[in-house]
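Colleague: Before we discuss the labels in this entry, could you show me the model and then take me through the reasoning behind them, one term after another?

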Amino acid sequence: MVYLLYSAGAIICCGVIGITLCATVNYRLKSSHLVIYCLGIPVRQFALKDMTSISKRRRFRGEFWVNTLALKHRKLVIRRERGLFRELIITPRYRYAFRKQLEEAVEEVRSQSLIVENEDS
């Protein structure tokens, strides 16, 4: 009986810790990467030049970096050219504003890479 109480307590503690960590995930755009922070520590980054499209709906299995339990109206799916999971699912607070910033950053990185390639030729 005591082990059952310990097990229930451990499950509840793990759930509380998981929800707390979920709420501390943040997203920031750097000059060439989308960086994901957890508790203020950068844990993952994605190159902007590898991103092919940004949408609301996912098609395949993806890598989840969510910061809310209500995914329905905040989910943003980023498709990439490379990687094991080619879809990245994030949940920024203002989905459409973040999407616009991300699309502008991707276009800027692509235009810079085209300029560099043209100068080399």
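Modeller: A residue is called exposed when its relative accessible area is over 50%, and buried when that area is under 20%. Please keep in mind that this is a predicted model.

Colleague: Why does Leu39 count as exposed?

Modeller: The relative accessibility of Leu39 is 57%, and the term exposed applies over 50%, so Leu39 counts as exposed. Leu39 lies in the loop between β2 (33-38) and β3 (41-47).

Colleague: What makes the phi of Leu39 worth a remark?

Modeller: The phi of Leu39 is near 60 degrees, which is a positive value in a residue other than glycine. Leu39 takes this phi in the hairpin of β2 and β3, where two residues stand between the strands.

Colleague: How do you know that β2 and β3 pair?

Modeller: Pairing requires at least two bridges between two strands, and β2 and β3 are joined in the antiparallel sense over six bridges, so the requirement is met. Within this pairing, Ile36 stands opposite Arg44 in β3.

Colleague: What makes β1 and β2 a pair as well?

Modeller: Strand β1 (residues 25-29) runs antiparallel to β2 and is paired with it over five bridges, where at least two are needed. Arg28 has Val35 in β2 as its bridge partner, and the hairpin formed by β1 and β2 has three residues between the strands.

Colleague: Why is β2 described as largely enclosed by the rest of the structure?

Modeller: That description of β2 follows because five of its six residues are buried, where buried stands for a relative accessible area under 20%.

Colleague: Why is Ile41 called exposed, and in which strand is its place?

Modeller: Ile41 has its place in strand β3, and because its relative accessibility is 52%, against a limit of over 50%, Ile41 counts as exposed.

Colleague: Which residues form a nonpolar patch on the surface, and what is their accessible area together?

Modeller: The nonpolar patch consists of Leu39, Ile41 and Val43, which together have about 290 Å² of accessible area.

Colleague: Is Asp50 buried or exposed, and how do you know?

Modeller: Asp50 has a relative accessible area of 15%, which is to be set against the limit of under 20%, and therefore Asp50 is buried. Asp50 is found in the loop between β3 and β4 (51-55). When its neighbours within four places in sequence are left aside, Asp50 is in contact with Arg79, Arg80, Glu81 and Arg82.

How values were computed:
Residues numbered from 1 in each chain as written. Predicted model: local features only at pLDDT ≥ 70, side-chain atom pairs only at ≥ 80, totals over all residues. Heavy atoms only, no water. Helix = DSSP H or I, 4+ residues; strand = E, 2+ residues; numbered from the N terminus. Buried < 20%, exposed > 50% of the residue type's maximum accessible area, 1.4 Å probe, protein only. Contact = heavy atoms within 4.5 Å. Patch = residues over 30% accessible without salt bridge, like charges linked within 9 Å, V, L, I, M, F, W, Y side chains within 5 Å. Areas by Shrake-Rupley, 256 points an atom, 1.4 Å probe, with all protein chains shown as cover. Salt bridge = Lys/Arg side-chain N within 4 Å of Asp/Glu carboxyl O.
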